[in-house]
Amino acid sequence: MTQVTLEGFPERVRIVDVGPRDGLQAWPVPVPTDVKIEMINGLIAAGVPQLEVTSFVAPRAVPNMADAAEVMAAIDRSRGAELTALVPNARGAARAIEAGVDAMVVFLSASESHNQANVNCARDVSLAAAAEIARMGQEAGVAVYGAIATAFGCPFEGDVPVSDILDVARAYAGSGITKITLGDTTGMATPRLVQERCRALAAEVPEADVALHFHNTRGVGLACAYAGLLEGITRYEASVAGIGGCPFAPGATGNACTEDLVYMLHESGVETGIELDALIGVAQRTEAALGQKLPGQVMKAGPRLRQYRRDEVRSSSGSRA
Ligand code: ZN
């Protein structure tokens, strides 16, 4: 059945599942490596075209990412899904290249104090590291993408000026990094801010190929994606079952949920190449494996046209219908 795309939306969107990294890095207990591998391979089998599978940070800083190389080695690469990993410095980049990632993601915060809290150095230092990693990537034939954290607000400084985002984007572009993600690290994005920042980037740093990364901390993750879609943005980072958070950002729980986003996109006539039922299965199995209720909603309610037998459903009076 051909579906008409919702007016103003792009016809096709690339979904990047960041659950294995953003979702699990701050998980309060160790997550077994085989749980991560099953989750990643499940996402790939469901048709997710790009995944942020791990990060090559110091194991002491983020114990749940200590198995980065082991995870990379066990991923099913037969379907050609693009595997990216977060990389904070040259040492991490060397490990990531060795492990065979398709792309490295460098990151820094638009706000100085969040960058200090997150990676314990000034933005200039992070930018210099990004430039070095960009050179390493070029030499090794590995792509390098840039993420801008706290792009919609900072838990320490409040509003982050658009000019700061543009400065970081220009610096990235100057190092040859043009695939740039605006990260809503602590769930401070709103549809209005999304529109404002996407338009400013399109006007001032036209070489930037922008992706959006939202957290559902305040319940507007999908509304922000909606605003991005109206701006023609075609890459979105989300995490299966809505797991996620930043350990150094107070209250920053819950990425925008991949299957909820995919549901909204498909119902809007936007193609993702992902099988929603299979994705819901991954979300449910991940919830079972982690042993904790996860925030995704479509994984609980099912697709819109899920049908019930009448005797399965309670009436509003509480008796069987
Ligand atoms: Zn995040």
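Q: What is the handedness of the crossing of α9 and α10?
A: In this predicted model, the axes of helix α9 (residues 221–230) and helix α10 (residues 258–267) come within 11 Å. The crossing of these two helices, α9 and α10, is right-handed.

Q: Are α9 and α10 roughly parallel or oblique to each other?
A: The axes of α9 and α10 cross at roughly 45 degrees. Angles under 35 degrees count as roughly parallel, and 65 to 115 as roughly perpendicular. The crossing angle therefore makes α9 and α10 oblique.

Q: How many residues of the contact of α9 with α10 are charged?
A: On the α9 side, L222, A225, Y226 and L229 take part, and they meet D260, L261, M264 and L265 in α10. Of the residues in this contact, seven are nonpolar, none is polar, and the number charged is one.

Q: In which sense do strands β4 and β5 pair?
A: Eight strands close into a barrel, in the order β1-β2-β3-β4-β5-β6-β7-β8. Within it, β4 (residues 103–109) and β5 (residues 143–149) are joined over seven bridges, and F107 stands opposite A147 in β5. The sense of the pairing of β4 and β5 is parallel.

Q: Which helix lies across β4 and β5?
A: The helix in question covers residues 123–140 and runs at about 170 degrees to β4. This helix is α6.

Q: Is D167 buried, partly exposed or exposed?
A: D167 has its place in helix α7 (residues 162–174). Buried means under 20% relative accessible area and exposed means over 50%. With a relative accessibility of 44%, D167 therefore counts as partly exposed.

Notes. Residues numbered from 1 in each chain as written. Predicted model: local features only at pLDDT ≥ 70, side-chain atom pairs only at ≥ 80, totals over all residues. Heavy atoms only, no water. Helix = DSSP H or I, 4+ residues; strand = E, 2+ residues; numbered from the N terminus. Buried < 20%, exposed > 50% of the residue type's maximum accessible area, 1.4 Å probe, protein only. Pairing = 2+ DSSP bridges. Contact = heavy atoms within 4.5 Å. Axes fitted to C-alpha atoms, helices over the stretch in contact; angles between N-to-C directions. Parallel < 35°, antiparallel > 145°, perpendicular 65-115°, else oblique. Left-handed = near helix turned anticlockwise from the far one by under 90°. Nonpolar A, V, L, I, M, F, W, Y, C, P; charged D, E, K, R; others polar.
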